[in-house]
Amino acid sequence: MGSFDFVREYSPYTNREALLDDYTPDTLVGRDDELEEYHGALQPAIYGEQPDNIFLYGKAGVGKTAATRFLLNKLVDNAEEYEDLDVRTEIINCDGLNSSYRVASNLVNTMRPPSNHISETGYSRSQVYDIMWEELDNAGGIILIVLDEIDHLKDDSILYQLSRARENENLTEARIGLIGISNDLTFRDSLSPKVRSSLCERAISFSTYDANELRAVLEQRKNVAFKDDVLTDDVVPLCAAFGAQESGDARKALDLLLKAGDLAREQNDEEVTEQHVRRGRQLLEREQVARGIADLNDHERLVVYALATLEAEDDTPARSREIYTRYKSLADAAGKDSLTARWLREHLDDLAMLGILNVTEINEGSAGGKYREYDLQQDLAVVLDALEETFESMGVHASVKGYL
Ligand SMILES: Nc1ncnc2c1ncn2[C@@H]1O[C@H](COP(=O)(O)OP(=O)(O)OP(=O)(O)O)[C@@H](O)[C@H]1O
């Protein structure tokens, strides 16, 4: 048996944390247009004036949160130069806070010491708003309130309240600017017109990164995170190319660079190479598919299982009818009820959105009409791995026995 001692061996990193998600880089590359617009919208704050409310939107990992942290940190720093100016920022992530009530109580609590927190239940909504106005007025000055992942909110009362606080005379001392951030491009249209016009006084769109921009992001981060010359020349371009394929998401590209570095360290390799990146990508994809499949309900998982058995028999791409027949026979064999063919058709598109399967639209013109075909987006082996628990409860189909 090994000694299981923990010993420091070779590490390619000088600062591994610089690759983690909550690290704020000193400068942001490839976001000049976005930063300029954002800076302009915040500029009134340095004169002690209330800035416009700002709405940032764009896909995941395109730097919306990073740009916000970067500019607000700068604004707070620069504001210290002016004695008559008091600027503070409060950043709230709305993931898990789906009601206006919870956002308001959370805002109050982030501004208060823990000993003075209010309870998250037990008041009426208007009472919580009164406490919130009082808290904001006590703090005074300019307060920039950031609501990240704002699309998680199920009602927009808090957005109305905060974006119109001054016009509605809820505040006398404080001036607030509201900054909403969303990955959901349809969120703005789902708001009521009066909330939309006040929250989106300035709407700033963040475009996705192309491979060159991702290369610059990674190059800069590499210099902070890794020792000199430990990455072979192809590592950064390859991570950037994969990131660009993954809808231009800088987070995915940085995660991949981190995974490659970790693999090199685990294997005691002195250089991080293309092989580490390729292996890292496989592992990350595997984790992503496993997480996606774990989050499905039993019936959705059975649909993936049905498609996997068709793929094992070389019968993919398959039409929904074929998938339904297999799904139903798997359910019957396990003695479970099955849902309708219509339910299955509706859910195939959801599974495609989650990156579990591919949809291809086939158009055979007036003779054959239009239909859709499906196959697995990931390797069969990866999907079967993630279905382990399903085999336990539903049994192993003959077609996949050889893979297990
Ligand atoms: N231009 C950039 N320069 C350096 N790092 C960047 C840049 N853009 C994004 N990043 C990094 O990529 C990661 C994801 O960025 P960020 O969290 O800002 O994305 P986002 O647009 O807010 O997406 P999400 O809503 O999914 O969080 C972070 O680690 C961030 O530091």
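This report describes a predicted model of a protein chain with a bound ligand.

## Overall build

The protein chain has 404 residues, and 36% of them are buried. It holds 17 helices and 8 strands. Along its principal axes, the C-alpha trace spans about 75 × 55 × 55 Å.

Contacts often link distant parts of the sequence. Take the contacts between residues at least 6 apart: 72% of these join residues at least 24 apart.

## Domains

The domain assignment splits the protein chain into three parts: domain 1 (28-205), domain 2 (213-292) and domain 3 (296-403). The C-alpha centres of domain 1 and domain 2 are 34 Å apart. Their contact draws 7 residues from domain 1 and 10 residues from domain 2. On the domain 1 side, the touching residues comprise 3 nonpolar, 3 polar and 1 charged.

UniProt adds its own annotations, from an unreviewed entry. It lists residues 50-205 as "domain: AAA+ ATPase". That span is 39% helix and 19% strand, with its end C-alpha atoms 22 Å apart. UniProt also lists residues 304-387, in an unreviewed entry, as "domain: Cdc6 C-terminal". Here the chain is 56% helix and 19% strand, and the end C-alpha atoms lie 9 Å apart.

## The ligand shell

The ligand is surrounded by 19 residues. Ala60, Gly63, Lys64, Thr65 and Ala66 are the closest. Two elements give two or more residues to this shell: helix H2 (64-79) and H10. By class, the shell has 9 nonpolar, 6 polar and 4 charged residues.

Both of the first two domains take part. Domain 1 (28-205) and domain 2 (213-292) each supply at least three residues to the shell.

## Annotated binding-site residues

The unreviewed UniProt entry lists Val62, Gly63, Lys64, Thr65, Ala66, Tyr209 and Arg221 under "binding site". Two of these residues, Gly63 and Tyr209, are followed here.

Glycine 63 sits in the loop between strand S1 (54-57) and H2. Glycine 63 counts as buried because 24 other C-beta atoms lie within 10 Å. Beyond its neighbours within four places in sequence, glycine 63 contacts Leu28, Arg31, Phe206 and Ala250.

Tyrosine 209 occupies the loop between strand S5 (202-205) and helix H8 (211-225). Tyrosine 209 is also buried, as 26 other C-beta atoms lie within 10 Å. Leaving out neighbours within four places in sequence, its contacts are Gly30, Val62, Leu214, Val217, Ala244, Gly248 and Ala250. Ala250 therefore appears in the contact lists of both glycine 63 and tyrosine 209. Val62, a contact of tyrosine 209, is itself on the UniProt "binding site" list.

## The main core

The largest nonpolar core contains 73 residues. Ala104, Ile145, Leu218, Cys239, Ala253 and Leu257 have the most contacts inside it. Helix H10 (residues 250-266) is the top contributor, giving 8 residues. Domain 1 (28-205) and domain 2 (213-292) both give residues to this core, so it lies between them.

Cysteine 239 shows the local packing. Setting aside neighbours within four places in sequence, cysteine 239 is in contact with Leu218, Ala253, Leu256, Leu257 and Val277. Among these contacts, Leu218, Ala253 and Leu257 are also on the list of core residues with the most contacts.

## The second core and alanine 386

A second, separate core has 26 residues, including Val289, Ile293, Val304 and Leu344.

Alanine 386 belongs to helix H16 (residues 380-386). Is alanine 386 buried or exposed? Alanine 386 is buried, because it has 24 C-beta neighbours inside 10 Å, and 20 or more are needed. Not counting residues up to four places away in sequence, alanine 386 touches Val289, Ala290 and Ile293. Val289 and Ile293 are members of the second core.

The pairing with isoleucine 293 spans a long stretch of sequence. Alanine 386 and isoleucine 293 are 93 residues apart in sequence, yet 6.6 Å apart in space, C-alpha to C-alpha.

How values were computed: Residues are numbered from 1 along each chain as its sequence is written. This is a predicted model: local features need pLDDT of at least 70, side-chain atom pairs count only at pLDDT 80 or more; totals for chains, interfaces and linings use all residues. A nonpolar core is a set of buried Ala, Val, Leu, Ile, Met, Phe, Trp, Tyr and Cys residues joined through C-beta atoms within 7 Å. A residue is buried if 20 or more other C-beta atoms lie within 10 Å of its own, exposed if 12 or fewer, and partly exposed in between; C-beta atoms are placed from the backbone. Helices (H or I, at least four residues) and strands (E, at least two) are DSSP runs, numbered from the N terminus. Domain bounds come from an automatic or database domain assignment. Two residues are in contact if their C-beta atoms, placed from the backbone, lie within 7 Å. UniProt positions are given in the numbering used here, feature names are shortened, and annotations may be inferred rather than shown by experiment. A residue is near a molecule or strand if its C-beta atom, placed from the backbone, lies within 6 Å of it. Ala, Val, Leu, Ile, Met, Phe, Trp, Tyr, Cys and Pro count as nonpolar, Asp, Glu, Lys and Arg as charged, and the others, Gly among them, as polar.
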